Amino acid sequence: MKYYFLILFPLLSTLTFSQSNTEIFLFDLNKDTSNFQVSNGINISNNEGYDNQPSFFGEDTILYASTRNGQTDIAQYDIAYKSKTYINYTKGGEYTPLKIPNKNAVSAVRLDLDGKQRLYSYNLSNGESTELIKDLVVAYYTWYDENTTVSAVIENEQLNLYVTTISNGISKKYATSVGRSFHKIPNSNLVSFIYKENDKSWQIRSLNPNNGITRLIANTMQGVEDICWLDGRTLLSGKDGSLYKLTLKRDNNWKKIADLSSYGISKITRLSINENGTKLLIAAELQSDATELQTANTTSENTIVSNLLSESQAAAVVQKHVEPFNKRQLNDFADAFDTNVIVNEFPKDYMYSGRNTLKENYRQFFRNNKKANIKVLNRMILNNMVVDEELVTINNITVRQATIYDVDENGIKSMTFVRNKNTTSNPETIVNDQLEAYNKRDIEAFTKTYTKDVKLYEFPENLTTNGREELRKRYDIIFKSVPDLNAEIMNRIVLGNKVIDKEKATINGKTYYAIAIYEVKDGLISKVTFIQ
């Protein structure tokens, strides 16, 4: 079991701490006039300790509070390199790290070992810290500009709203009984905050820090105080494992746009969006059986969670390109694909992208090959992912391949070719041995089916387990804690040294599905890629 800490309501004028199983997820966010799409989720913290309060330092860098060696410090995550570093080394614990506008510096609430709690700035060049606001116990805050903060300050066992001018140290109180969510409203001179005077109905209100005027914007969902702004009109919020949006002057109430429960998320708390609205950060409590979800190989960091299609709908999207290919109807074939379709070789070797490029490539293909035909031998479907076993005949030469399609209602978003690789042994044998040991919860027999350097990925290539010893530790806990653990094969494709299984797993009375791509080398499983 992981243990985390969460800043809670103060007692005796200090912040107390409580265990909370939280992680930080980064998602791609796509919005057009009628549709929100949340996709390609990844757990960027994945840490044995408290991880919370994420924010963007820039387009490529994320800040959040993260525990190491029993202490909470400021973590910096690089999106491009998927790497984490710590930027400070104080004896106190740091929370709510934010970039200070127009400065190469970070601010954070620091709770020292003697109980003193203040807002500090941290120099990114040397990590040195400077107290920003004297005498006020800041719990939560945001920056209005580089010289002004809007804060929730602990007073008489409640949180009150203050605006502080850093340069002269002057602070003014403008509201009482506020929540922890503060955000600069895009394209305005206002800051939003949560007003909690009425226990049954919390309000999102605006504040003009220059004159203290506050106005009602909307009500929160019941019991929810964490929001963020997608733009000047649209708010995002989370309840349980789902994401909601509210567009002012358009929506009468909060509308559900994505279910994130398949990521193991049970309760969304903090949210943050980058400046151009393409990336979404979420801090969330995990389901109690999140570890069990990993057991069943039902990882889901690349699942598209909005607008999930039924199996028949997903199949129809893929099938739309088969007949035009066989009839050499280029326009109809290309129309089955999304405008920005990406074509790869498994797992993620980029070939090309864009419907126009795809159309030109296949125009040349049809010119060079007088005969071409595809026959679908087998099909697996999981959410918006379709895996086809295909028999491809080109000029009287027939080959077998598998293709992974990522689809939505607009067409095929990506197409990944899995090539047939020759092998001298039957890969099914060792995969079946692995399944048998899994169902017996025999950790010794299970780990012996893998190579020493085995790697487990979430599709396409997000590494989750590196090496047999790490795999042993992960599954040993699972085998000991899940007495009804069982998996069965629903469908199978064998392609050279690869075995592609659609699996159904039972864990503590619940059923989960996943697609696993096993790669076998010298009679042992050397790589597994999971799709969900």
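**Exercise 1. A salt bridge at glutamate 131**

Which side chain meets glutamate 131 in a salt bridge? Work it out, then place both partners in the chain.

*Solution.* Keep in mind that you're looking at a predicted model.
- Step 1: The partner is lysine 116, with an N to O distance of 3.0 Å.
- Step 2: Now the addresses. Glutamate 131 sits in strand E12 (residues 129-131), while lysine 116 is in the loop between strand E10 (105-111) and strand E11 (117-123), so the bridge ties together parts 15 residues apart in sequence.
- Step 3: Check the surroundings of the lysine. Lysine 116 has a relative accessible area of 33%, so it's partly exposed.
- Step 4: Look for further links. Lys116 and Glu131 belong to a network of salt bridges together with Lys134.

**Exercise 2. Two more bridges**

Find the salt bridges of lysine 245 and aspartate 388, and sort the residues into buried and partly exposed.

*Solution.*
- Step 1: A search of the whole structure turns up 24 salt bridges, and these two are worth a closer look.
- Step 2: Lysine 245 meets aspartate 251 at 2.7 Å, N to O.
- Step 3: The cut-off for buried is under 20% relative accessible area. Lysine 245 comes out at 9%, so it counts as buried. Aspartate 251, also buried, has a relative accessible area of 9%.
- Step 4: Aspartate 388 pairs with arginine 379, and their closest N and O atoms are 2.7 Å apart.
- Step 5: Aspartate 388 is buried at 0%, whereas arginine 379 is partly exposed at 21%.

**Exercise 3. The largest nonpolar core**

Describe the largest nonpolar core, then zoom in on phenylalanine 337.

*Solution.*
- Step 1: Get the head count. This core has 28 residues, and those with the most contacts inside it are Phe325, Phe337, Leu358, Tyr362, Tyr405, Val407 and Met415.
- Step 2: See who contributes. Helices H2 (311-319), H4 (330-335) and H5 (355-368) each supply at least two residues, and so does each of the strands E27 (337-345), E29 (372-382), E30 (385-394), E31 (397-408) and E32 (411-418).
- Step 3: Zoom in. Leaving out residues up to four places away in sequence, phenylalanine 337 touches His321, Arg355, Leu358, Ile412 and Met415.
- Step 4: Don't stop there. Apart from this core lies another one of 26 residues, among them Leu471, Val499, Tyr518 and Val520.
- Step 5: For context, nonpolar side chains in soluble globular proteins tend to be buried together.

**Exercise 4. Rings that pair up**

Take the pairs phenylalanine 325 with phenylalanine 366 and phenylalanine 446 with tyrosine 475. Are their residues buried or exposed?

*Solution.*
- Step 1: The structure has 19 aromatic pairs. In one of them, phenylalanine 325 and phenylalanine 366 are tilted, with 5.7 Å centre to centre and 50 degrees between the planes.
- Step 2: That pair links distant parts of the chain: phenylalanine 325 is in helix H3 (residues 322-327) and phenylalanine 366 in helix H5, 41 residues apart.
- Step 3: Phenylalanine 325 is buried at 4%, and phenylalanine 366 counts as buried at 10%.
- Step 4: For phenylalanine 446 and tyrosine 475, the ring centres are 4.9 Å apart and the planes sit at 50 degrees, so this pair is tilted.
- Step 5: Phenylalanine 446 belongs to helix H7 (residues 443-447) and tyrosine 475 to helix H8, so the pair ties together parts 29 residues apart in sequence. Phenylalanine 446 and tyrosine 475 are buried.
- Step 6: Zoom out to the cluster. Phe325 and Phe366 join Phe333, Phe337, Tyr362 and Phe365 in one aromatic cluster.

**Exercise 5. A helix length check**

Compare the expected span of helix H8 with its end-to-end distance.

*Solution.*
- Step 1: Helix H8 (residues 468-481) has 14 residues.
- Step 2: The rule is 1.5 Å times one less than the number of residues, which means you don't multiply by the full count.
- Step 3: The expected span is 20 Å, and the end C-alpha atoms are 20 Å apart, so the two agree.
- Step 4: Within H8, the buried residues include Leu471, Arg474, Tyr475, Ile478 and Phe479.

**Exercise 6. Charges over rings**

Which ring does the charged end of lysine 184 sit over, and which face does lysine 527 lie over?

*Solution.*
- Step 1: Lysine 184 goes with tyrosine 144, at 5.0 Å from the ring centre.
- Step 2: Lysine 527 goes with tyrosine 457, at 5.2 Å from the ring centre.

How values were computed
Residues are numbered from 1 along each chain as its sequence is written. This is a predicted model: local features need pLDDT of at least 70, side-chain atom pairs count only at pLDDT 80 or more; totals for chains, interfaces and linings use all residues. Side-chain values use heavy atoms; hydrogens and water are left out. A nonpolar core is a set of buried Ala, Val, Leu, Ile, Met, Phe, Trp, Tyr and Cys residues joined through side-chain atoms within 4.5 Å. Buried means under 20% relative accessible area, exposed over 50%, partly exposed in between (1.4 Å probe, protein chains only). Helices (H or I, at least four residues) and strands (E, at least two) are DSSP runs, numbered from the N terminus. Contact means heavy atoms within 4.5 Å. Rings of Phe, Tyr and Trp (its six-membered ring) pair if their centres lie within 6.5 Å; planes under 30 degrees apart count as stacked, over 60 as edge-to-face and the rest as tilted. A charge sits over a ring if NZ of Lys or CZ of Arg is within 6 Å of the ring centre and within 35 degrees of the ring normal. A salt bridge is a side-chain nitrogen of Lys or Arg within 4 Å of a carboxyl oxygen of Asp or Glu.
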